[in-house]
Amino acid sequence: MKAIVKILLALEIPDDPAARRRFQEIVSALEPVLPGECEVRDFKMVEDGTGRLLETRDAR
């Protein structure tokens with residue numbers, strides 16, 4: 001069986017380039033500690049409520 005694990009992090013940040021940089025910093029901090037046996041597909045930052053895609057980053 002393949003299982004999907006989702007982690008949702010809520011941040012109160014403006015919709016600007018600094019927020020996108022912060023997203024990239026968070027992803028960079030998470031990647032090294034994720035288990036090697038899992039396949040990380042992608043990372044996305046979306047606007048709460050609307051689901052509008054703000055930033056994305058392909059995984060490893």
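**Figure 1. Overall architecture of the predicted model.** From the N terminus on, the elements of the protein chain follow the order α-β-β. This is a predicted model, and its protein chain holds one helix and two strands. Taken along the principal axes, the C-alpha atoms fill a box of roughly 35 × 25 × 15 Å. The protein chain has 60 residues, of which 17% are buried. Its accessible surface amounts to about 5,200 Å², and carbon and sulfur atoms contribute 56% of that area. Among the contacts with a separation of 6 or more, 44% are between residues 24 or more positions apart.

**Figure 2. Close-up of the antiparallel pairing of strands S1 and S2.** Strand S1 covers residues 42–46 and strand S2 covers residues 53–58; the two pair in the antiparallel sense over five bridges. Within this pairing, Lys44 has Thr56 of S2 as its bridge partner, and Val46 stands opposite Leu53 in S2. Six residues lie between the strands of this hairpin, in which Gly49 adopts a positive phi near 95 degrees.

**Figure 3. Close-up of the two faces of strand S1.** In a regular strand, side chains alternate between the two faces of the sheet. Strand S1 shows such an alternation: the side chains of Phe43 and Met45 point to one face and are buried, whereas those of Asp42, Lys44 and Val46 point to the other face and are not buried.

**Figure 4. Close-up of the surroundings of Lys44.** Lys44 is placed in strand S1. Its relative accessibility is 54%, and it therefore counts as exposed, the cut-off being over 50%. Lys44 and its bridge partner Thr56 are 12 residues apart along the chain, while their C-alpha atoms are separated by 4.3 Å. When residues up to four places away in sequence are not counted, Lys44 touches Phe23, Leu53, Glu55 and Thr56. One of these residues, Leu53, is the residue of S2 that stands opposite Val46.

**Figure 5. Close-up of the salt bridge between Arg20 and Glu55.** A search of the whole structure finds eight salt bridges. One of them is formed by Arg20 and Glu55, whose closest N and O atoms are 3.9 Å apart. Arg20 belongs to helix H1 and Glu55 to strand S2, so this pair ties together parts that are 35 residues apart in sequence. Both residues are partly exposed: the relative accessible area is 22% for Arg20 and 21% for Glu55. Glu55 is also among the residues that Lys44 touches.

**Figure 6. Close-up of the salt bridge between Glu47 and Arg52 and of the associated network.** Glu47 and Arg52 form a salt bridge in which the closest N and O atoms are 3.2 Å apart. Glu47, at 31% relative accessibility, counts as partly exposed. Arg52 is likewise partly exposed, with a relative accessible area of 39%. Through salt bridges that share partners, Asp15, Arg20, Glu47, Arg52 and Glu55 are joined into one network. The pair formed by Arg20 and Glu55 thus appears in this network together with Glu47 and Arg52.

**Figure 7. Close-up of a salt bridge within helix H1.** The side chains of Glu25 and Arg22 meet in a salt bridge with an N to O distance of 3.1 Å. Both residues lie in helix H1, three residues apart, which corresponds to about one turn of the helix. Glu25 counts as partly exposed at 46% relative accessibility, and Arg22 is partly exposed with a relative accessible area of 41%.

**Figure 8. Close-up of a nonpolar surface patch.** Val5, Ile7, Leu9, Leu30 and Val33 make a nonpolar patch of about 540 Å² on the surface. Leu30 is found in helix H1, which covers residues 17–30. With a relative accessibility of 31%, Leu30 counts as partly exposed. This value also satisfies the condition for patch residues, which must have over 30% relative accessible area.

Notes. Residues are numbered from 1 along each chain as its sequence is written. This is a predicted model: local features need pLDDT of at least 70, side-chain atom pairs count only at pLDDT 80 or more; totals for chains, interfaces and linings use all residues. Side-chain values use heavy atoms; hydrogens and water are left out. Two strands pair if DSSP finds at least two bridges between them. Helices (H or I, at least four residues) and strands (E, at least two) are DSSP runs, numbered from the N terminus. Patches are made of residues with over 30% relative accessible area and no salt bridge: like charges are joined within 9 Å, nonpolar side chains (Val, Leu, Ile, Met, Phe, Trp, Tyr) within 5 Å. Accessible areas come from the Shrake-Rupley method with a 1.4 Å probe; for residues, only the protein chains shown count as cover. A salt bridge is a side-chain nitrogen of Lys or Arg within 4 Å of a carboxyl oxygen of Asp or Glu. Buried means under 20% relative accessible area, exposed over 50%, partly exposed in between (1.4 Å probe, protein chains only). Contact means heavy atoms within 4.5 Å.
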